[in-house]
Amino acid sequence: MITDGAIARMITDERQRYAAANPRSAALAQAAARHWHRGVPFHWMLDWGTPFPLFVEHAQGAELWDVDGHRYDDFCLGDTGSMFGHSPAPVAQAIARQASRGLTTMLPGEDAVAVADALAARFGLPFWQVTSSASEANRAVIRWCRGITGRSKILVFNGCYHGAVDDVFVDLRDGVPELRKSLVGQVYDVREHTVVVEFNDLPALEAALAGGDIACVLTEPALTNVGMVLPDPGYLQAMRDLCTRHGTLLVFDETHTISSGFGGHTMTHGTLPDLFVLGKPVAGGVPCAVFGFTAEVAQRMERARAEGETGHSGIGTTLSANALALAAMRACLTQVMTPQAYAHMLPLAAELADALRAVIARNGLAWHVTHIGARGEFICGDTAPRNGTQARAAMQGPLEHALHLYLINRGVLIAPFHNMTLISPATTRAQVDRLAQVLDDCLKTLIGNA
Ligand code: PMP
């Protein structure tokens, strides 16, 4: 039994411990606050629940060192561009080589051919384009889907996240679509053109598609941004069939689920989308993303383009497909995101899931561990959420805050937003054992303090 009092005590103790252990980070945080709004160059850096941000000295593989000399086992890779480890050697070398050979030219080079061939072979889609981020790729894909179908609406799932894409910031609260409160400054009611239903609810999907006015369904094959929600057996294929029947394009955003296996969830589990988005890890952390599509979609894009005005389309930016990103992507696809890498990641992730289950059981808790491919998550509740509403209900703010602080203070980082972990090609068995041990110590402390 974990009481509110024990949680509150742990938060107080661990915040003090953190402040005492990190004087150099504290000093840098003070100095940074002089000119960075809210003290950091990017506001997500405040999401860790620590009294002040941890300042990084360097990161390598699945390890990170802070400016006070502490070393961390980094399991917080799954929300980042470092899913395949920090600064993988082939990517670092490719960047170094390209650095003095032209960073951005608005012309293709030899890397462009190698990258396109690698993408087509791996993901089974013949045509590709590059953007600078997954957010941008999703925005481009939504535009194309609306453009080629002539339909204005898109459909997303409750609890989804696809980056800085205003159109998808709609949640279901008690079954009613609501604008996400964090959508500051957006003056259009995006609900006019965005339909939201629960994941794993086929009748709701079918009813929404039946109107014939939905351009595309945009989803992760497994939701990973509202906690983790896995598709029911057969659900994605049924989604695929419904989309085909109703003339709706199916888009898989595999920016996170690329960790499901070689070729992403798509090639590992076999349901094929019309369009496919892959962002942050594809160039090893260099800003870059790609979207791929079928030959049929490509033809329809050509028709839509021919009918339209020439000139600025609002799709793509000057830095898209720059030479540095292409060099990094080539190295990452061909030398880092390899079948051998997955052969290390997947079994070790299964071991971590088992180890976490054992820790939870040993402490007499009825918590659940969800796991797919290299990604895992423990939920401080006893059932696996099947949709966004259930996933939100399973979140335990203060308890998770306490756990995260305890782990950080003992050299373990997991995703700050929820309890998600990722095994990279560089993650070791010893790191998995340490995470399990520290979580065990943490739970014993919480339970012992009842
Ligand atoms: N799609 C998914 C599924 C994501 O999880 C994210 C980021 N967490 C994005 C898109 C956006 O990626 P970026 O912030 O790199 O644009």
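## Two domains, their helices and a ligand

In this predicted model, 29 residues of domain 1 are in contact with 28 residues of domain 2. Domain 1 is made of two stretches of the protein chain, 4-84 and 339-448, while domain 2 covers residues 89-336. The centres of the two domains, taken over C-alpha atoms, are separated by 27 Å.

On the side of domain 1 that touches domain 2, at least two residues each are supplied by helix 11 (339-362), strand 13 (368-372), strand 14 (375-379), helix 12 (388-394) and strand 16 (420-422). Among these elements, helix 12 gives the most to this side, with five residues. By class, the residues on the side of domain 1 that touches domain 2 divide into 15 nonpolar, ten polar and four charged.

Next come two pairs of packed helices. Two packed helices are described by the angle between their axes and the distance between the axes. For helix 3 (residues 89-99) and helix 10 (residues 323-336), the axes come within 8 Å and cross at roughly 155°. Because angles over 145 degrees count as roughly antiparallel, helix 3 and helix 10 are roughly antiparallel to each other. Their crossing is right-handed. On the side of helix 3 the contact is made by P90, V91, A94, I95, R97 and Q98, and on the side of helix 10 by A323, L324, A327, A328, R330, A331, C332, Q335 and V336. Taken by class, the residues of this contact of helix 3 with helix 10 comprise eleven nonpolar, two polar and two charged.

The second pair consists of helix 1 (residues 4-21) and helix 13 (residues 397-409), which pack at an angle of about 30° with their axes 9 Å apart. The crossing of helix 1 and helix 13 is left-handed. Helix 1 contributes I7, M10, I11, E14, R15, R17, Y18 and A21 to the contact, and helix 13 contributes P398, L399, H401, A402, L405, Y406, I408 and N409. In the contact of helix 1 with helix 13 there are eleven nonpolar, two polar and three charged residues.

The last part of the picture is the ligand, which has 15 residues around it, and of these S133, A134, S135, G163 and T255 come nearest. The largest share of the shell around the ligand, three residues, comes from helix 5 (residues 134-149). Sorted by class, the shell around the ligand holds two nonpolar, nine polar and four charged residues.

Methods:
Residues numbered from 1 in each chain as written. Predicted model: local features only at pLDDT ≥ 70, side-chain atom pairs only at ≥ 80, totals over all residues. Axes fitted to C-alpha atoms, helices over the stretch in contact; angles between N-to-C directions. Helix = DSSP H or I, 4+ residues; strand = E, 2+ residues; numbered from the N terminus. Parallel < 35°, antiparallel > 145°, perpendicular 65-115°, else oblique. Left-handed = near helix turned anticlockwise from the far one by under 90°. Contact = placed C-beta atoms within 7 Å. Nonpolar A, V, L, I, M, F, W, Y, C, P; charged D, E, K, R; others polar. Domains from an automatic or database assignment. Near = placed C-beta within 6 Å.
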